[in-house]
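Okay everyone, thanks for coming. I'll put the structure up and then walk you through it.

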Amino acid sequence: MYYVPDGTQRCGYYECTECGTRFLSLQIGPTLVCPACGEVADMEIGPDEEMPVVKETAKLLQMVEGENVEKMDTLLSLAVTGGNFEWI
Ligand SMILES: [Zn+2]
């Protein structure tokens, strides 16, 4: 599958409030770091500096379980790869 491993029985369906990206994640929580805009790579920070605060902008929309995991994964990956550019 595209977002989660084959055979996943339970995952979370998230939508980012910043960029609108929707995705599935094995991590379950009320909020998550968005994979599209949340993880800003910061290579220049030194070991003595404070850790940058990573905003958790993606909110859990719903839990997905059982065979719906594969359905949701297919739907979402089609939205990404199937030529739907509305969200850009
Ligand atoms: Zn985002």
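Let's start with a question: leaving aside its neighbours within four places in sequence, which residues is V64 in contact with? Have a look while I remind you that this is a predicted model. Right, so the partners of V64, with those close sequence neighbours set aside, are Q9, R10, C11, Y13, L24, V69 and M72.

Several of those names come back when we look at the core. The largest nonpolar core is made of eight residues, namely V4, C11, Y13, L24, V64, V69, M72 and L76. Strand 1 and helix 1, which spans 68–81, each put in at least two of them. Helix 1 gives the largest share, with three residues. As a bit of background, nonpolar side chains tend to be buried together in soluble globular proteins. There's also another core apart from this one, with six residues, including Y14, C16, C34 and A58.

Now, stepping back to the whole chain. We've got one helix and four strands, and going from the N terminus the order is β-β-β-β-α. The chain has 88 residues, and 25% of them count as buried. The accessible surface is about 6,400 Å², with 52% of that belonging to carbon and sulfur atoms. And if you take the contacts with a separation of 6 or more, 55% are between residues 24 or more positions apart.

Okay, on to the metal. Which protein atoms are the donors of the zinc ion? They're the SG atoms of C16, C19, C34 and C37, lying 2.3 Å from the zinc. You may remember C16 and C34 from a minute ago, since both are among the residues of that other core. Along the chain, the zinc donors are spaced C-x2-C-x14-C-x2-C. The site is tetrahedral, with angles of 105 to 115° among the four donor atoms.

So what does the pair C19 and C37 tie together? C19 is in the loop between strand 1 (10–16) and strand 2 (22–25). C37 is in the loop between strand 3 (31–32) and strand 4 (58–65). The pair therefore ties together parts that lie 18 residues apart in sequence.

And how much of these two is accessible? C19 has 34% relative accessibility, so it counts as partly exposed. C37 comes out at 32%, so that's partly exposed as well.

That's it from me, happy to go back to any of the views.

Terms used:
Residues numbered from 1 in each chain as written. Predicted model: local features only at pLDDT ≥ 70, side-chain atom pairs only at ≥ 80, totals over all residues. Heavy atoms only, no water. Donors = N, O, S within 2.8 Å, 3.2 Å for Na, K, Ca; no water. Tetrahedral: all angles 85-135°; square planar, octahedral: opposite > 155°, others 65-115°. Helix = DSSP H or I, 4+ residues; strand = E, 2+ residues; numbered from the N terminus. Buried < 20%, exposed > 50% of the residue type's maximum accessible area, 1.4 Å probe, protein only. Contact = heavy atoms within 4.5 Å. Areas by Shrake-Rupley, 256 points an atom, 1.4 Å probe, with all protein chains shown as cover. Core = buried A, V, L, I, M, F, W, Y, C linked by side-chain atoms within 4.5 Å.
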